[in-house]
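Biologist: Could you take me through this model? I have some short questions on its details.

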Amino acid sequence: MSLILSRKSIRKFTTEGVDQTSIDAMLTAAMQAPSARNQQPWEFIVIKNKPMIDQLSEVSNGAKPLKSAPLAIMPVIKKDAPAPHMCPQDLAAATQNILLTATELNLGAVWIGVFPLEDRIQKVREIIDLPSHLTPFCMIAIGHPDQSTEVTKLRYDASRITVVE
Ligand SMILES: Cc1cc2nc3c(=O)[nH]c(=O)nc-3n(C[C@H](O)[C@H](O)[C@H](O)COP(=O)(O)O)c2cc1C
C-alpha cells in the first residue's frame, strides 16, 4: 500500500541514465501483470536512443516529459490475441506495474497516452519502425527525478463507494 500511495507522475528528469538491473526489474514486473485468459498480449520496446526519445516527445503535448528522460519504455499490443477486446486492460495493468516498480527503485516515471488515438499511433509508427503486428499502447518516460517526488494529496473519497450487502 505504501508503494501505491507514494507513486506520482514525474515529468522532469536528471541526465543520469537508468541501469540495466532497474530496467530488467521493471520489465519483470510488467510481464507479471494479470491478463485476460493469461493471454499476455504485450511486448516492450526499450528506447535508450536519446535522439529517438526526443522525436517521441513531439508526438503530443502530453509527450513533452520525454524531453528530459534518458529512457522510454513503450508497451505495445500484439495482434491476434485470443481475447482482443481485453488487450487495453491487460496493457494498462502491465504499465501500472512498471510505474510502481520505478517508484520502488526511487526512479520517476510518467504514463504518456497513445492508444487508441490514431494520430498518435501513426506518429509513433513514423518514428519507430514497428512491425505491423505491434500497436503502440503508451510510452513511459523514466529517469531519476529532478522534481519533488512527494505525494501531497490523498484522493480517497468515501462518496465514490457504494456498498452492497
Ligand atoms: C491513460 C493515461 C494517459 C496519460 N497520458 C499522459 C500524458 O500524455 N502526459 C502526461 O504528462 N501525463 C499523462 N498521464 C498521467 C496523468 O496525467 C496522471 O496520472 C494524473 O494527472 C494523476 O497524477 P499522478 O500520476 O501524479 O497521481 C496519463 C495517465 C493515464 C492513466
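Modeller: Certainly. One starting point is P116, which sits in the loop between β3 (108-113) and α5 (118-127). The peptide bond leading from F115 to P116 is cis, its omega being near 10°. Please bear in mind that this is a predicted model.

Biologist: Noted. Which residues have a positive phi although they are not glycines?

Modeller: R37 is one, with a phi of about 55°. N38 also has a positive phi of about 55°, and it is not a glycine either.

Biologist: Where are R37 and N38 placed?

Modeller: R37 belongs to the loop between α2 (20-31) and β1 (42-47). N38 is likewise in the loop between α2 and β1.

Biologist: Buried or exposed, for R37 and N38?

Modeller: R37 is exposed, at 66% relative accessibility. N38 also counts as exposed, with a value of 52%; the class begins over 50%.

Biologist: On to the ligand. Which residues are around it?

Modeller: The surrounding residues are R7, K8, S9, R11, G62, P65, V110, W111, I112, G113 and R155. By class, this shell divides into 4 nonpolar, 3 polar and 4 charged residues.

Biologist: Which ligand atom does the polar side-chain atom of S9 lie 2.6 Å from?

Modeller: The partner is an oxygen atom of the ligand.

Biologist: And what about backbone atoms, say of G62 and G113?

Modeller: G62 places a backbone N or O atom 2.8 Å from a nitrogen atom of the ligand. For G113, a backbone N or O atom is found 3.1 Å from a ligand nitrogen atom.

Biologist: How much of the ligand does the protein bury?

Modeller: The protein buries 59% of the 610 Å² that the ligand exposes when taken alone.

Biologist: Changing topic: how many salt bridges does the structure hold?

Modeller: There are 3 salt bridges. One of them joins D54 to K50, with the closest N and O atoms 3.2 Å apart.

Biologist: How are D54 and K50 placed in helix α3?

Modeller: Helix α3 covers residues 50-56, and D54 and K50 are 4 residues apart in it, so about one helical turn separates them. D54 is partly exposed at 33% relative accessibility. K50 is partly exposed as well, its relative accessible area being 29%.

Biologist: Which residue does K67 meet in a salt bridge?

Modeller: K67 pairs with E58, at an N to O distance of 2.7 Å. K67 has a relative accessibility of 43% and therefore counts as partly exposed. E58, at 47%, is also partly exposed.

Biologist: And what is the N to O distance between R160 and D157?

Modeller: Their side chains meet in a salt bridge at 3.5 Å, N to O. R160 is exposed, with a relative accessible area of 73%, whereas D157 is partly exposed at 31%.

Biologist: Back to K67 for a moment. How many residues lie between A83 and K67 as a separation in sequence, and what is the distance in space?

Modeller: A83 and K67 are 16 residues apart in sequence and 35 Å apart in space, C-alpha to C-alpha. A83 lies in the loop between β2 (71-78) and α4 (87-104).

Biologist: Is A83 buried or exposed?

Modeller: A83 is buried, since its relative accessibility is 12% and the class covers values under 20%.

Biologist: What about the surface: which residues form the nonpolar patch?

Modeller: The patch consists of I4, L5, L154, Y156, I161 and V163, which together have about 660 Å² of accessible area. I4 is part of helix α1 (residues 2-6). At 48% relative accessibility, I4 counts as partly exposed.

Biologist: One last residue. Where does V164 lie, and is it buried or exposed?

Modeller: V164 lies in the segment after β5 (138-143). With 74% relative accessibility, V164 is exposed.

Biologist: How far apart are V164 and M74?

Modeller: Between the C-alpha atoms of V164 and M74 there are 39 Å in space, and the two residues are 90 apart in sequence.

How values were computed. Residues numbered from 1 in each chain as written. Predicted model: local features only at pLDDT ≥ 70, side-chain atom pairs only at ≥ 80, totals over all residues. Heavy atoms only, no water. Salt bridge = Lys/Arg side-chain N within 4 Å of Asp/Glu carboxyl O. Helix = DSSP H or I, 4+ residues; strand = E, 2+ residues; numbered from the N terminus. Buried < 20%, exposed > 50% of the residue type's maximum accessible area, 1.4 Å probe, protein only. Near = heavy atom within 4 Å. Polar contact = N/O pair within 3.5 Å; in protein donor to acceptor, adjacent residues only side chain to side chain. Areas by Shrake-Rupley, 256 points an atom, 1.4 Å probe, with all protein chains shown as cover. Nonpolar A, V, L, I, M, F, W, Y, C, P; charged D, E, K, R; others polar. Patch = residues over 30% accessible without salt bridge, like charges linked within 9 Å, V, L, I, M, F, W, Y side chains within 5 Å.
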